[in-house]
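Me: I should like to learn how to read a protein structure, beginning with its pockets. Could you guide me through one example?

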Amino acid sequence: IEPNQALLHRLNYGVGLDQRVLDRLSTLGIKHLHVTYEDLYNSSDGSANEWMRINRFLGAGPQDGLTMTDVNEHFEFAPTSAKHHIETIANYDEVKTFLETNGMDGFLH
């Protein structure tokens, strides 16, 4: 199997697993909130909206006015990788084109 096809297979498999978990939670009537790492640490506008959304769901913590500066100063966990894949993937342009062609460009940031 070619590397691009292996990548596509793994991404499709992961998407399928995520969807099955979400479906199962819904079927069982379990309240849940779908959150991604990218939305927590790499929001397009640099806001802490995703953190506030979690806090509102949990009914705890700051639910308005939270900034990423607040999050970074008071949360022991921090991003563990570069903000953008272009910084870490040597053949980024090739991967980007392949993912866009296959409807998976949402995995890039």
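Reply: A pocket is an open set of grid points where a 1.4 Å probe fits, with protein on both sides within 12 Å along at least five of seven lines. Rolling a probe the size of a water molecule over the atoms shows where empty space is left. Please note that the model shown here is predicted.

Me: What is the volume of the largest pocket?

Reply: The largest pocket of this model has a volume of about 530 Å³. Its lining consists of 23 residues, and those closest to its centre are Thr36, Glu38, Gly106, Phe107 and Leu108.

Me: Which helix gives the most to the lining of the largest pocket?

Reply: Helix 1 gives the most, with six residues. At least two residues of the lining come from each of helix 1, helix 2 and helix 5. Sorted by class, the lining of this pocket holds ten nonpolar, ten polar and three charged residues.

Me: Which residues line the second largest pocket?

Reply: Its lining is formed by Trp51, Ile54, Asn55, Pro62, Leu66, Asp70, Val71, His74 and Phe75. Helix 3 and helix 4 are the elements that give two or more residues to this lining. By class, six of the lining residues are nonpolar, two are polar and one is charged. The volume of the second largest pocket is about 160 Å³.

Me: I should now like to turn to the interior. Which residues make up the largest nonpolar core?

Reply: To belong to such a core, a residue must be buried, which means that its relative accessible area is under 20%. In this model, the largest nonpolar core has nine residues: Leu40, Tyr41, Ala48, Trp51, Met52, Ile54, Leu66, Met68 and Val71. Two or more residues of this core are given by each of helix 2 (37-41), helix 3 (49-58) and helix 4 (68-74). The largest share, three residues, comes from helix 3. There is also a second, separate core of eight residues, including Leu11, Val95, Phe98 and Leu108.

Me: Is Trp51 buried or exposed?

Reply: Trp51 has a relative accessible area of 12%, so it counts as buried. This residue lies in helix 3. Setting aside residues up to four places away in sequence, Trp51 touches Leu40, Tyr41, Leu66, Met68, Val71 and Phe75. One of these contacts shows how the fold joins separate parts of the chain: Trp51 and Leu66 are 15 residues apart in sequence, and their C-alpha atoms are 7.9 Å apart in space.

Me: Which other residues of helix 3 are buried, in addition to Trp51?

Reply: The buried residues of helix 3 also include Glu50, Met52, Ile54 and Asn55. The buried residues of this helix pack against helix 2 and helix 4. After helix 3 comes Gly59, which has a positive phi, near 70°.

Me: Glu50 carries a charged side chain by class. What is its relative accessible area, and what does Glu50 touch?

Reply: Glu50 has a relative accessible area of 12%, so it is buried. Leaving out residues up to four places away in sequence, Glu50 touches His34, Val35, Asp39 and Leu40. Leu40 in turn is in contact with Val35, Glu50, Trp51, Ile54 and Met68, when its neighbours within four places in sequence are left aside.

Me: How should one read the two sides of a helix, and where do the buried residues of helix 5 fall?

Reply: An α-helix has 3.6 residues a turn, so residues three or four places apart point the same way. In helix 5 (residues 92-101), the buried residues are Tyr92, Val95, Phe98 and Leu99. Seen down the helix axis, the buried residues of helix 5 fall within an arc of 135°, so they line one face of the helix. These buried residues pack against helix 1 (3-27). On the other side of helix 5, Asp93 and Thr101 are exposed.

Me: What phi does Gly103 take, just after helix 5?

Reply: Gly103 takes a positive phi of about 70°.

Methods
Residues are numbered from 1 along each chain as its sequence is written. This is a predicted model: local features need pLDDT of at least 70, side-chain atom pairs count only at pLDDT 80 or more; totals for chains, interfaces and linings use all residues. Side-chain values use heavy atoms; hydrogens and water are left out. A nonpolar core is a set of buried Ala, Val, Leu, Ile, Met, Phe, Trp, Tyr and Cys residues joined through side-chain atoms within 4.5 Å. Buried means under 20% relative accessible area, exposed over 50%, partly exposed in between (1.4 Å probe, protein chains only). Helices (H or I, at least four residues) and strands (E, at least two) are DSSP runs, numbered from the N terminus. Contact means heavy atoms within 4.5 Å. The arc is that of the directions from the helix axis to the C-beta atoms. On a 1 Å grid over the protein atoms alone, a cavity is a set of points where a 1.4 Å probe fits but cannot get out, and a pocket is an open set with protein on both sides within 12 Å along at least five of seven lines; lining residues have an atom within 4 Å of a point. Grid points are joined across faces, edges and corners, and a volume is the space filled by probe spheres set on the points.
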